[in-house]
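I opened my notebook to look through one model, step by step. My entries follow in the order I made them.

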Amino acid sequence: MKFMRLTLTGMMLLFTMALTAQAVVRGVVTSSEDGEPLIGVTVFVKGTTTGTATDLDGSYEIQVDPATGVLVFSYTGFRSQEVLV
């Protein structure tokens with residue numbers, strides 16, 4: 001029983017350390033032409049499968065490693081854009 005507790009505690013510490021390397025990035029995507037929010041823009045962390053889409057207000061929230069993160073924004077009819085975090 002004690003062994004199991006130590007193993008779980010160690011695993012939780014490693015998991016916590018992995019989470020601290022991530023930062024939450026929040027933003028709003030708008031049109032440069034009229035400033036209106038763009039709904040459904042996909043936002044991905046480059047080189048991963050981590051992604052999200054903007055909501056009705058053009059807002060998004062995504063977890064990314066700030067040391068190496070690059071966000072890729074794509075939207076139908078627009079050229080994709082990469083932004084360094």
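**Entry 1: a pair at the end of the chain**

Which residue in strand 6 does V70 stand opposite? I looked it up: V70 faces L84. I note here that the model is predicted.

Next I checked how strand 5 (70-74) and strand 6 (81-84) are laid out. They pair in the antiparallel sense, over 4 bridges. They also form a hairpin, with 6 residues between them. I looked into the turn and found G77, which has a positive phi of about 90 degrees.

**Entry 2: the overall count**

I stepped back to the whole chain. I counted 1 helix and 6 strands. From the N terminus on, the order is α-β-β-β-β-β-β. The chain has 85 residues, and 21% of them count as buried.

Then I looked at contacts between residues at least 6 apart in sequence. Of these, 45% join residues at least 24 apart.

**Entry 3: strand 2 and its partners**

I turned to strand 2 (42-45). Which of its side chains are buried? V43 and V45 are, and they point to one face. T42 and F44 point to the other face and are not buried. The side chains alternate along the strand.

I looked for partners on each side. Strand 3 (residues 51-53) runs antiparallel to strand 2, and 3 bridges join the two. In this pair, T42 stands opposite A53. Strands 2 and 3 make a hairpin with 5 residues between them. G47 takes a positive phi there, near 80 degrees.

Strand 5 is also a partner of strand 2. This pairing is antiparallel too, over 4 bridges. Here F44 has V72 as its bridge partner.

**Entry 4: strand 4 and strand 1**

I moved on to strand 4 (59-64). Which residues make up its covered face? I found Y60, I62 and V64 there. The uncovered face holds S59, E61 and Q63.

Strand 4 pairs with strand 1 in the antiparallel sense, over 6 bridges. I picked out one of them: V28 has S59 as its bridge partner in strand 4. Strand 1 spans 23-28.

**Entry 5: the loop after strand 1**

I followed the chain into the loop between strand 1 and strand 2, where V29 lies. Is V29 buried or exposed? V29 counts as buried, because its relative accessibility is 15% and the cut-off is under 20%.

I then listed what V29 touches, leaving aside its neighbours within four places in sequence. The contacts are E36, P37, L38, V41, T54, G58, Y60 and F73. I also took one distance. V29 and G40 are 11 residues apart in sequence, and their C-alpha atoms are 9.6 Å apart in space.

S31 lies in this loop as well, between strand 1 and strand 2. S31 is buried, at a relative accessible area of 11%. A polar atom of its side chain lies 3.1 Å from the backbone nitrogen of E33. Beyond its neighbours within four places in sequence, S31 is in contact with E36 and L38.

**Entry 6: T54**

T54 came up among the contacts of V29, so I looked there next. T54 sits in the loop between strand 3 and strand 4. T54 is buried too, with a relative accessible area of 6%.

Which backbone atoms lie by the side chain of T54? I found two. The backbone oxygen of L38 lies 2.7 Å from a polar atom of that side chain. The backbone nitrogen of G40 lies 2.9 Å from a polar atom of the T54 side chain.

I listed the contacts of T54, again without its neighbours within four places in sequence. They are V29, L38, I39, G40, V41, S59 and Y60.

**Entry 7: the largest pocket**

Last, I looked for open space. The largest pocket has a volume of about 280 Å³. It is lined by 13 residues, and V29, T30, L38, F78 and Q81 are the closest to its centre.

What is the lining made of? I noted 7 nonpolar residues, 5 polar and 1 charged. Strand 5 and strand 6 each supply at least two residues of this lining. My notes thus end with the strand pair from my opening entry.

How values were computed
Residues are numbered from 1 along each chain as its sequence is written. This is a predicted model: local features need pLDDT of at least 70, side-chain atom pairs count only at pLDDT 80 or more; totals for chains, interfaces and linings use all residues. Side-chain values use heavy atoms; hydrogens and water are left out. Buried means under 20% relative accessible area, exposed over 50%, partly exposed in between (1.4 Å probe, protein chains only). A polar contact is a pair of N or O atoms within 3.5 Å; within protein, one must be able to donate a hydrogen and the other to accept it, and residues adjacent in sequence count only if both atoms are side-chain atoms. Contact means heavy atoms within 4.5 Å. On a 1 Å grid over the protein atoms alone, a cavity is a set of points where a 1.4 Å probe fits but cannot get out, and a pocket is an open set with protein on both sides within 12 Å along at least five of seven lines; lining residues have an atom within 4 Å of a point. Grid points are joined across faces, edges and corners, and a volume is the space filled by probe spheres set on the points. Ala, Val, Leu, Ile, Met, Phe, Trp, Tyr, Cys and Pro count as nonpolar, Asp, Glu, Lys and Arg as charged, and the others, Gly among them, as polar. Two strands pair if DSSP finds at least two bridges between them.
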